[in-house]
Structures are given as C-alpha cells and as structure tokens.
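Here's a quick briefing to read alongside the model. Have the viewer open and follow along topic by topic.

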Amino acid sequence: MKRKKRIIPGFGISMGVTLTLLSLMVLIPLASLVVFTSKMSFSEIWNVITRPRVLASFRVSLITALIASLINAVMGVILAWVLVRYKFPGKRILDGMIELPFALPTAVAGIALTSLYSDSGWIGSIFAKFGIKIAYTRVGITIALIFIGIPFVVRAVQPVLEKIDPLYEEAAGILGASRARTFRKVILPELYPAIFTGFGLAFGRCLGEYGSVVFIAGNQPYETEITPLIIMSELQEYDYSSATAIALVMLLAAFIILFLVNLIQIRNTKILKGGN
Amino acid sequence: MAAEKTERVMPREGSTEIHADTKGSKAVRIILITLSVLFLFIMLVMPLITVIYESFRKGFGEYLKAVTDDETVGALLLTLEATVIAVIINTVFGLFAAWAISKFRFRGKKFLVTLIDLPVTVSPIIAGLIFVLTFGRQSFLYSYLEEIDFMIVYAVPGIILATVFVTFPFISREILPVLEAQGTDEEEAAALMGARSFTIFRKITLPHIKWALIYGIVLCAARAMGEFGAVSVLSGHLRGQTVTLPLQVEILFGDNKYMPAFAVSSILMIMAVVILIVRSIVEFIGRRKGEE
Amino acid sequence: MYIELKNINKSYGSFKASDNVGFGIEKGKLVALLGPSGSGKTTILRMIAGLERPDSGEIIIDGKVVNNVPASERGIGFVFQSYALFRYMTVYDNIAFGLTVRKQNKKEIKERVTELIKLIGLEGFEKRYPSQLSGGQRQRVAFARALAPNPQVLLLDEPFAAIDAKVRSELRKWLRDMIHQLGVTGIFVTHDQDEAIEVSDEIIVTNQGRIEQTGTPAEIYINPTTAFTSSFFGATSELTDYKAFENFDDIGEYDKAIIRPEFVKITKKNEQQKYKRSAVEGTVTDLQFRGNSFELTVDCNNSRFSARRGLDEPAVEIGEKVDVFIFRIFITQGNTVTLLKNNAVREETVVI
C-alpha cells in the first residue's frame, strides 16, 4: 500500500481511537452474538422461534408497534404542520416538549402511563365506567409505544416542511387548486419520504422497546407479552440459546426496517438531485 | 422609527409567514392546533403531572424520606457514575470519529458510519444480551474474569458497558454533520501555515462544533441516566449494589411501593426536564451564532 | 527558474489529473494556470503548495527539490478559492495566525499584522469577523493572511471566483500591482481567459492533465500552438468549410477551421469596404447589444459564426444581407494549428 501524506494532521490517531473503541464497545460484543449463534443448529433456532408463546409475542409486538407508528405518522404530520406553519402562543414550549420521550427515562414513562391508564387512574377510570380496560391490555401497550414514537415523525417531517417554499402552494392556488387538493397533491408528496423515514424509525424503536411497555403491558403470555420481554425472561432463566434465537429474529426485523428506510432516502435524494 | 422597524422585521418574517391565501381557513387552523395541543397534553404532560401528583400524595415529608432513602441515594450515585463514564468515553470517541470521518477521504467510510450508528438501532434488551454472551458464564472469557475476580455481568462494570453501548453514537452523530458542512478548507489553511494538530483542533475546529458538542453531551447524559432495558439485563438487581435509578423505580413499583417509586421517578423527571431546557437554550444560542 | 516542475504525474484512481506536467516560472512573475474545469490546474497548484503529493516527478522551489518538504515549510502562501478564513477568528487573528503558530513574539506579530492591514486598506476592521466583511474585503484578508509569514511564493486558487463582477476587475488590478510591488512570485488558477489575460505576466494553459502551451498573454492569444488553445481563447466559432471562402491557401486535410469575431469584418451592402471584391454574402440571423459593441450572428457559406460591429458604424438589422470578409483562420490538424491569412491582405501588416 502506498502511504499518502495528508496535509491535515491526526488521521492515524483519530482512526486508531475510533476503530479501537468501536471494536471494544460494539463489534466484539456483536461478534459474540454471531459466535454464539454459530454454535446452534438451524432446527434448534427454528424450534425456539416457532414456540406458540414466542409466535404470539411476535404478533403482539408487530401489531401494537404498527398501530402506534401509524397513529404517530398521522399525528406527526399534523404536529409538524402546526409547528412550522402556524404561530400561536406557547409554540416554543410545544416544540421543545416533542423531545420529552427521548429525555424521559422509559421506566418513568412506564409507571406514569400505567398509573394514568389503570382502572383507578385519571384517564383509565373514565374508560372503566364503560367497561373498557386500557392498562394491562394491548391498548395499553399501544399507548406506551405512541408515547415513545412521538418525536420520530415530527422531527423527520419538520425540516422538510420548513424548506417547502410557500410560493409552491401559491402557485397551486393560483392555478385554481383548492386548499385540500393543494395539500394532497403538492405538499404531501414532498413529505412522503420524510414520513416513511420517521415511521420506519419509530416502528423499529417500538419493536425493541422495553422499559415503557413492561409496566403497562401486564405481561400475560399469549395476550400482552411482547418479544423483548420474552428475551428478558429467557435470560433470567439462563436460557441463553433461546434468548439469542429470538433476538436474531428481532435483529433481522430491525435491519430490514433500516434497509428500507435507507432505500427510501437514497431514492429520494436521487429524485431531488437527479442523475444516478 | 416605527416604519424603519417594521421594514427591518418584514423580510425575516416573510420567509416563514405565509401569504393570507395559502394560510388556509381559520377553522382548519384552530382544529389542528387544538388537536396538537390536546394530543401532547394527554400523551406527554399528563404523565408528568401524574409523577408529581403521586410523589407528593402523602405529603412533602414522605417524599423527602423516599428520596433520601439510602438505596435511592446509592442508585443515584451509581447512575451518575455510569453517566459520567459514558459521557467521557463517548465524547472522546465522538470527537475522534467525527474528525476522522469528516476531514479525510478513505475507503469504507459509509460502512464505518453505519457501524457507529448500530447501537441505537438495536433493542436495549439485545444490547444487554450481547454483553451477557460476551462476558457471561458460557463465554470463554468468563474463566479468565473469574480468575482475576472481575465480574462484569450482574455487576457495576456491566452496567457501565451497557450504558456506554446504548449511547455510543450520540456525540459523534451531533458533531459529524457540523464538521462535514464546514469542510476542510480552514484546517488545510491552518496546517499549511504550520499549525500543529492540537492547535488546529482547539483554535479552528472546536469553535465550530462547540454547540453541537454540548448538545451531544446533553443528549448522551439524558439517555445514559434513563437507560433501563440494557442495564436491567446486566444488573442482576442486587439492591444497593447494582441498581441504578431507573431500576430502583422498577423495584419499588414491583414491590407495590407506588409513592416511593414516583418519588424516585421525580428525580429522573426533573433531570429530563432540565436537560430539555438546556437543550433548547443550547439550540437557540447555537442557531443565533450560526446566523451571525 | 525559481519554481520548476519536472515530469509530474498524478492520478486519482483511473483519472489522470496530471500527465507528465513540466514548466518553469521565473522569480517575481505572476503566472496564471488557465484551463477548463477538470483540466488539472488546481491539482498542480495544490501539489506546489504541498497539499497533494505527485505520484512521480519533481517539484523544485528555489533550487531545492521540495517533494518531501511539508507544506508549512515550503515558504509559500496559499489563498483558497473560498478563502478558508477562520470564521471564528477576527480579521486580526486570522492574519496573525501564521505568525502565532510560529511562536513569534507578540510585538513583532502586532507590527506585521498592522502593516498588512494597512497594506490591504482595512484599517479599523481588525475586530470584525469574516462574516461581517464583503467578498472583496474577505479576499484581501485571505491575501494578507497568506502574506503574513513573508512567503516567497504566493499561490491563489480561483482568487476572484467568489466576487461579484463589479468589484472583480478592481481587485484584479489591485492584486497584480500588490504582487509586483512585493516582489513575490505568484501563481493563480483560473478558468476565465479574460482574467488570465488581464492579470498575469505569463499563462500556462492546461487541458486534460497536460500543459498545452505557455507564454505571455499576447503570445498565447495571437499565436496559439495547439488545437486546444486556438479554440479555447476568444469567442471562437467554427467554419464548416473554410475553402468556400476566397483567397485562403488550401492546406489539404484538416480538422477544424476556427475564427474569432475580430477576424471577421461585416459591412453593409452600400458601405465602403476595402476588400469588397473578396467578400462573401451572408445573412444576419441574430443581433445582440453588448454594451460597447453589437454582436452579430451571421450565416454564410453554410457556417454560422459571430462577429462584432461598432456602435459608431451604421446599424444592421436581422435578416439583412451583408458582406462578410474573413481576415484570418486557425486551421487545426491533429494537435497542431496553422494560421491562414487572407491573401487579399497578405502584403499588409495586420494588427489585432
């Protein structure tokens, strides 16, 4: 290899520190997962992940994460729209609050939501009158996941919306398009990639979420047991093989989501920047 | 004077203020704002109020007692320890990684960036799991660790490792875009004039990334303090030894000690709110500096 | 020769940025590296500065081979295209930076910086930040910063690219005078032929990683020696068949016949024209006011080319039939170029 002299100093040391820390903190631990998996046979893994209880947990996790992310996609667009386009008192506080789910420890959110939506809680008691239970049901899980996912779509859409020139909409307006039509045909298509990105990230986060869900879920096998919780209980029983097998499925799902998000982003930059 | 003032304000507003025609109907506006405020109130504000309300349910004396409980104070110290270490390691990493990635051309750069981001895409439970697999009983490292009597899993080092892992890219992710936008011209110019690496970093680069760095540290600290899943896997929940604040919340809640659980939560919540405020201030100053 | 490049080669992957480049520059000269984008001119500049390393060949400054001398020890000053002023430092600190890192004493630094600020005419701006300066002022600061450590060579990468047209010509003159006054050797990169002609003592024309031609602006403009140079300078047009025009020697096979607007004389049908007998009829297809002249587009003998007409001459109109007389043509054959003069004016000296 030819040694290239670079004018800016520090390549060797910064690359060295980066790779060392990355290896120690991320690559070696992740590699141990690979090593451990390689000791297991495929049928072993298959048997674990097709246990009815595990399959049920996949279903619970997928459905709740999907519903929560869809609700967040809709609310995220509305919130971003309100924050970018309207002026009203308290807007700054509202904007700052969006980040709360990132800052608030998940355990705190978990117990607060549980107490709020339990049958004796402020919100839960209202629904209890009509015989609707929220805490300890899938609805409760979904609510916890909505909480966790709020910032993703808002923060993805906001900067894009800020960049859309109002002239654009004025042009559509002059051409005679109604307000709703303008939104649907002119603005929304611009936002789709951002919405998908935010949705994908929120969905990925929701699938793996543990802290905020574990309190409100009730953790009834087959009913309200999410996948991370199963991994946790396998670990508590020192059944590392089962835990690893289930974790692999989750990792696979996470990577697929990440891949799709990247794909959308790449496609989008292609459209915007042209060329190939 | 007045005319001059409006004139100076107008062009700046012009870019965000929408023309009356494109503003849409007032009804839609009111509905959307109300919906947003209501949604955020129910989803975000109510939980906060719940925490405060439940904490002080039995009076201030009981609250104080719960907060100054030995186990709680121990948990707070452990949380701070893990947070400080995570911030230090990730700051060092973030600065070096962002420097290497933004100032030099090399092969596999994109791959490196993906690898660095990996920890945040992994479920916290899996983050815990991989450390258990690396250092736990079934690992070949376990016998060596036992020999030197250095426990990682179900001990403090494991908690610290998990905390560092889940916050790993937080600081580099904040600095990197700023450095990339800035380019390499200034550093090249400084190097050309004979400045040494540390001088270049301190005098040229650092002023650019100062606010991003502070912001990254704040985010990293917030996440480190609140991490639950990964820490939960590695902790073993030995009371007074391997319990961080979020785990203490879990233990108390599990023991049906609701009031103390919320009291401990209130500490974390206050930290979170302070962090959000600091973040807003940092962002505000950073943006104003950027406009200058 | 004060600066010399010998057989320099440099590739980025499969892209050859420098292909056996060699030239010499005398002390105290201001030289332009001129070429289209991607022609390798900036690479040459960066290699002289030490910002890039050649794959092979020698770079010699003041009799010493500097290939292995770090950029900071080559005694050069570098003005970046976007100036690369330190955005978080004041004008004063920017100019002082090169001296501070050399650990000079404070008093000397202050003297030198004050002197330079005076030289660039920015007294009173010491405490400002680069963002508070105009483009022209920034360029002056970048210039002063590069000059602060007393370099013998000043390298400038597209020094006028970021400045608006009005200030540009003023700065060009300022820069040229300044460099001559200080006696440093200057090399600047540009893609703008007018800029190169106006500012430099000598031009080095680059194309596809090679040096096409070197010489004074007048030499290069009047006597291009390669096909590339002949078509690069001036607002050139190509004739489809030069033999259709009378009184030019037939030199056999050729690639291109190139003319510039100043090679063409357009006269109205009723106007006096010395070479009317040898003129060809053409049609004006477009007419554009250029401020100091009219630019005409003329169709003639199946070719379309541009010509100029002074404001004091009788006006022509689009569609008007006119007499076209061509004084001279550059004929390219491979990479060589031959200047053909119209035989009708052969006996007389033509001054362009």
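Let's start at Val157(A): setting aside its neighbours within four places in sequence, this residue is in contact with Gly76(A), Val77(A), Ala80(A), Leu191(A), Ala194(A), Ile195(A) and Gly198(A). Keep in mind throughout that this is a predicted model. Val157(A) also turns up among the best-connected members of the largest nonpolar core, and that's the next stop.

**The nonpolar cores**

- The largest nonpolar core has 159 residues, and the ones touching the most other members are Val108(A), Val153(A), Val157(A), Leu129(B), Ala162(B) and Ile175(B).
- Domain 1 (23–55) and domain 2 (67–291) of chain B both contribute residues to this core, so the core lies between them.
- There's also a second, separate core of 104 residues, and its members include Ala195(B), Leu5(C), Val31(C) and Ile120(C).

**Where chain A meets chain B**

- This contact draws on 70 residues of chain A and 76 residues of chain B.
- On the chain A side, helix α1 (residues 11–38) of chain A supplies the largest share, with 15 residues.
- Sort that chain A side by class and you get 52 nonpolar, 12 polar and six charged residues.

**A spot in chain A: Ala172(A)**

- Ala172(A) sits in helix α9 (residues 166–174) of chain A.
- Why does Ala172(A) count as partly exposed? It has 19 C-beta neighbours inside 10 Å, and a residue needs 20 or more to be called buried.
- Beyond four places in sequence, the contacts of Ala172(A) are Ala177(A), Thr182(A) and Val186(A).
- Arg6(A) is 166 residues away from Ala172(A) along the chain, and their C-alpha atoms are separated by 51 Å.

**The two domains of chain B**

- Chain B splits into domain 1 (23–55) and domain 2 (67–291).
- The C-alpha centres of these two domains are 31 Å apart.
- Where the domains touch, domain 1 of chain B puts in five residues and domain 2 of chain B puts in seven residues.
- The domain 1 side of that contact breaks down as three nonpolar, one polar and one charged.

**Helix α9 of chain B**

- Where does helix α9 (residues 170–182) of chain B bend? The bend is at Leu176(B), by about 25°, and a proline, Pro177(B), follows within four residues.
- The buried residues of α9(B) are Phe170(B), Ile171(B), Ser172(B), Arg173(B), Glu174(B), Ile175(B), Leu176(B), Val178(B) and Leu179(B). Leu176(B), where the helix bends, is on that list, and Ile175(B) is one of the well-connected residues of the largest core.
- The cover over those buried residues includes α4 (70–103), α5 (109–121) and α11 (197–226) of chain B.
- After α9(B) comes Gly183(B), whose phi is positive, near 80°.

**Chain C at a glance**

- Chain C contains eight helices and 19 strands.
- The C-alpha trace of chain C spans about 75 × 45 × 35 Å along its principal axes.
- Of the 352 residues in chain C, 41% are buried.
- Take the contacts in chain C between residues at least 6 apart in sequence: 65% of them join residues at least 24 apart.
- Chain C uses 16 residues to contact 15 residues of chain B. By class, the chain C side has 11 nonpolar, four polar and one charged residues.

**A sheet and a helix in chain C**

- Four strands of chain C make an open sheet with antiparallel pairing, in the order β2-β1-β4-β5.
- At the edges of that sheet are β2 (15–25) and β5 (64–65) of chain C, each pairing on one side only.
- Strand β4 (residues 56–61) of chain C pairs with β5(C) over two bridges, in the antiparallel sense.
- Which residue of β5(C) is the bridge partner of Ile60(C)? That's Val65(C).
- Helix α1 (residues 41–49) of chain C has nine of its nine residues buried, so it is largely enclosed by the rest of the structure.
- The buried residues of α1(C) include Lys41(C) and Arg46(C) alongside Ile44(C), Leu45(C), Met47(C) and Ile48(C).
- Just past α1(C), Gly50(C) adopts a positive phi of about 95°.

Definitions and conventions:
Residues numbered from 1 in each chain as written. Chains lettered and ligands numbered in written order. Predicted model: local features only at pLDDT ≥ 70, side-chain atom pairs only at ≥ 80, totals over all residues. Core = buried A, V, L, I, M, F, W, Y, C linked by C-beta atoms within 7 Å. Buried ≥ 20, exposed ≤ 12 C-beta atoms within 10 Å, placed from the backbone. Domains from an automatic or database assignment. Contact = placed C-beta atoms within 7 Å. Nonpolar A, V, L, I, M, F, W, Y, C, P; charged D, E, K, R; others polar. Pairing = 2+ DSSP bridges. Bend = angle between axes of the 7 residues up to and from the residue.
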